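Student: Please take one part of this model and go through it closely. I would like a single connected explanation.

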Amino acid sequence: MTVHDLIAVLPAPAVLLERCRAFAVLDAVLDPHAPTHTFEPAWRDGVALATMENGSGDQYALAFDPAGVFLYGFDHECDATPWREQPRAHWPGLLDGLPASLARYAGEPAFQFDDFFDATVCAWRETGDTAWRCGAVVFEDGDSDGAEWLFDLLADGGAEAYAEYASAYFGRPIDRPAVASVLAGLPLAPQTVAALDPSADFAAVAAVATAIGFPVRTTTAAP
């Protein structure tokens, strides 16, 4: 899967935003000290930001702007890495067609490394558009831009996919119904957090959830 395949399976922006928020809540339970997925509802004035960083140099970010959504990812080992040559250069066509309303994100300092926009995947969807778009990138058979593994969870959005990922990452079983509850946007309950991690501090997780706009239910009554 390259970015061309990715834009065909990404959900609508509103669905994607809630999916990103849910991933941040799940990570706040499972890995509170170094979450892979984060979400900032007020990163900039009117702009929410979702990020993923795997600790090995790979990452993605989505800026949910009133003008639309800007998405980029960086896989440091893929064929499309800017580091394939010096000075660094984007894969041809990566930013072709990026609309003026979202173009500033390619120059956003938070997305720069040594004053360069390190990206191997880039896509966008302006408000009012009916589809995701990407640049006129061309890949030969076997070429990769990192879209498949960087965004597979985000594109899938299912409890099974997240639970499999988390189980492999943390080396232990992950409660599927609890994951499904969070992904469905149901108010976070103590029993849901305990099912995900019995040692988790519910108050701390609830504080994170509240801060990012996820509903919290503090009673212990059954759902």
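**Helix α2, its neighbours and the cysteines**

Tutor: C122 counts as buried, because its relative accessibility is 2%. This is a predicted model. The sulfur of C122 has its closest cysteine sulfur in C134, 8.9 Å away, which is too far for a bond. A disulfide is a covalent bond between the sulfur atoms of two cysteines. Another cysteine, C20, is also buried, with a relative accessible area of 4%. For C20, the closest cysteine sulfur is that of C122, at 15 Å, so the two are too far apart for a bond. Across the whole structure, a search finds zero disulfides.

C20 leads to helix α2, where C20 is one of the residues in contact with helix α3. Helix α2 covers residues 13-30 and α3 covers residues 147-156; the two pack at an angle of about 110°, and their axes are 9 Å apart. An angle of 65 to 115 degrees counts as roughly perpendicular, so α2 is roughly perpendicular to α3. On the α2 side the contact is made by L16, R19, C20 and F23, and on the α3 side by L153, L154, A155 and D156. These residues divide into six nonpolar, no polar and two charged.

F23 of α2 also takes part in the contact with α4. Helix α4 spans residues 159-170, and the axes of α2 and α4 come within 12 Å, crossing at roughly 30°. Angles under 35 degrees count as roughly parallel, and α2 and α4 are therefore roughly parallel to each other. The crossing of α2 past α4 is right-handed. F23, L26, D27 and L30 of α2 meet Y162, Y165, A166 and F170 of α4. Here the division is seven nonpolar, no polar and one charged.

Technical notes. Residues are numbered from 1 along each chain as its sequence is written. This is a predicted model: local features need pLDDT of at least 70, side-chain atom pairs count only at pLDDT 80 or more; totals for chains, interfaces and linings use all residues. Side-chain values use heavy atoms; hydrogens and water are left out. Axes are lines fitted to C-alpha atoms, for helices over the stretch in contact, and angles run from 0 to 180 degrees between N-to-C directions. Helices (H or I, at least four residues) and strands (E, at least two) are DSSP runs, numbered from the N terminus. Angles under 35 degrees count as roughly parallel, over 145 as roughly antiparallel, 65 to 115 as roughly perpendicular and the rest as oblique. Contact means heavy atoms within 4.5 Å. Ala, Val, Leu, Ile, Met, Phe, Trp, Tyr, Cys and Pro count as nonpolar, Asp, Glu, Lys and Arg as charged, and the others, Gly among them, as polar. A disulfide is a pair of cysteine sulfur atoms within 2.5 Å. Buried means under 20% relative accessible area, exposed over 50%, partly exposed in between (1.4 Å probe, protein chains only). A crossing is left-handed if the near helix is turned anticlockwise from the far one by less than a right angle, and right-handed if clockwise.
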